[in-house]
Amino acid sequence: MRTATKRIAQRTYMLTDRLTGVNQFLLEGEERALLIDTGYGTKSLPRAVERLTSLPVVAVNTHLHPDHSNGNGFFGKVMVGERDLPAHGVPSNELFEGVAAAYGKSPLRPFMSFARKLALIDSSAADYSPLPDAIDLGGRRVEVIPCPGHTAGSVLFCDSETGTVFAGDAINREQWMFTCPASATKSYAELWRGLEARLAGYSELVISHSRKPLDFGFIGEFIRAFETIKPENGRPSRIKGTPEPVTFYEYESERYGRIRVWAYPSQVR
Ligand SMILES: [Zn+2]
């Protein structure tokens, strides 16, 4: 079984793809279950969901990226943040094609054709609609808070019943911002300042690419990382084929170690 399941709170499960390490989450109410993200598209995810719940499943994505959305086809109807609806285009597909083209003649080429299968989102695989402000699972209400930055339509799912925030890729030790060139570092810091206050009543902060939850204290350091970014401290990465060089900016936190922001130089403002 490729999908590992773990109960993380009452009627709340983390489902982890053992191969890629990406998490999905399942929350049960009295009438419906909420599936947060669908992974790269392994069949063992719908099988694991079926074993965990007999309730009708509402599938949502924290944002439209292949490691969160490529299993959407298993669930038919999927809700994503308005700005991430495929009707607006699929920026991650464009980004991937640019990078793949740059590696077209390199020794990495055979790997690129394999990567294409994983990395491209087929928007016709599911029926997409925008997320509401809250989702009622029957006796359990999950609030949807916009958090644009990693993608334009990224959201946080906030479950007051268990005090858990499901943040997807909106906060991380390695934060990718070049995936949404319209976002800027100072405004992302400001956005998180507001969220920090708004999330004060919550106690768990879970993310997609680590089985360990983030400490709530991490938010303050994450904000400082964004606030203190200076253009001259950027170091170019080796990623080719992007509109600007993907550059990383490091911040050393005494308590949490290194935090890295990956962005285009034009986003540092
Ligand atoms: Zn992502």
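1. A residue counts as buried when its relative accessible area is under 20%. Cys-158 has 1% relative accessibility and is therefore buried. Cys-147, at 0%, is buried as well. This structure is a predicted model, and the values in this note are computed from it.

2. The two cysteines raise the matter of disulfides. A disulfide requires two cysteine sulfur atoms within 2.5 Å. The cysteine sulfur closest to that of Cys-147 belongs to Cys-158 and is 9.5 Å away, so the gap is too far for a bond. Cys-158 is likewise in no disulfide, its nearest cysteine sulfur being that of Cys-147. The number of disulfides by this rule is zero.

3. Which residues hold the zinc ion as protein donors? They are His-63 through NE2, His-65 through ND1, His-150 through NE2 and Asp-169 through OD. These donors lie 2.1 to 2.3 Å from the zinc ion. Along the chain their spacing reads H-x1-H-x84-H-x18-D.

4. The donors of the zinc ion are worth placing in the fold. His-65 sits in the loop between strand S5 (57–60) and helix H2 (66–69), and His-150 in the loop between strand S9 (141–146) and strand S10 (155–159), so this pair ties together parts that are 85 residues apart in sequence. Both His-65 and His-150 are buried.

5. The geometry of the zinc site is irregular, with angles among the four donor atoms running from 89 to 171 degrees. Four donors count as tetrahedral if all angles lie between 85 and 135 degrees. The site of the zinc ion has angles of up to 171 degrees, so the tetrahedral label does not apply.

6. His-63 deserves a separate look. This donor is found in the loop between S5 and H2. At 1% relative accessibility, His-63 is buried. Apart from neighbours within four places in sequence, His-63 is in contact with several residues, including the donors His-150 and Asp-169. Others in contact with His-63 are Asp-37, His-68, Ser-69, Asp-84, Thr-151 and Ser-154.

7. Next, the sheet. Four strands form an open sheet in the order S12-S16-S15-S14, and their pairing is mixed. Strand S12 (174–176) and strand S14 (235–236) are the edge strands, each pairing on one side only. S14 is joined to strand S15 (residues 247–253) by two bridges, in the antiparallel sense. Opposite Arg-235 stands Phe-248, in S15.

8. A helix covers part of this sheet by contact: helix H6 (residues 218–227) packs on the sheet and touches S12, S15 and strand S16 (257–263). The direction of H6 makes about 50 degrees with that of S16.

9. Is Gly-257, in strand S16, buried or partly exposed? At 24% relative accessibility, Gly-257 is partly exposed. Not counting residues up to four places away in sequence, Gly-257 touches Tyr-251 and Glu-252. From Gly-257 to Trp-176 the C-alpha to C-alpha distance is 17 Å, and the two are 81 residues apart in sequence.

10. Last, helix H1 (residues 44–52). Its buried residues are Ser-44, Leu-45, Pro-46, Ala-48 and Val-49. What do the buried residues of H1 pack against? They pack against strand S1 (3–9), strand S2 (12–17), strand S3 (23–28), strand S4 (33–36) and S5. In an α-helix, residues three or four places apart point the same way, because there are 3.6 residues a turn.

Note on methods. Residues numbered from 1 in each chain as written. Predicted model: local features only at pLDDT ≥ 70, side-chain atom pairs only at ≥ 80, totals over all residues. Heavy atoms only, no water. Donors = N, O, S within 2.8 Å, 3.2 Å for Na, K, Ca; no water. Tetrahedral: all angles 85-135°; square planar, octahedral: opposite > 155°, others 65-115°. Buried < 20%, exposed > 50% of the residue type's maximum accessible area, 1.4 Å probe, protein only. Pairing = 2+ DSSP bridges. Contact = heavy atoms within 4.5 Å. Axes fitted to C-alpha atoms, helices over the stretch in contact; angles between N-to-C directions.
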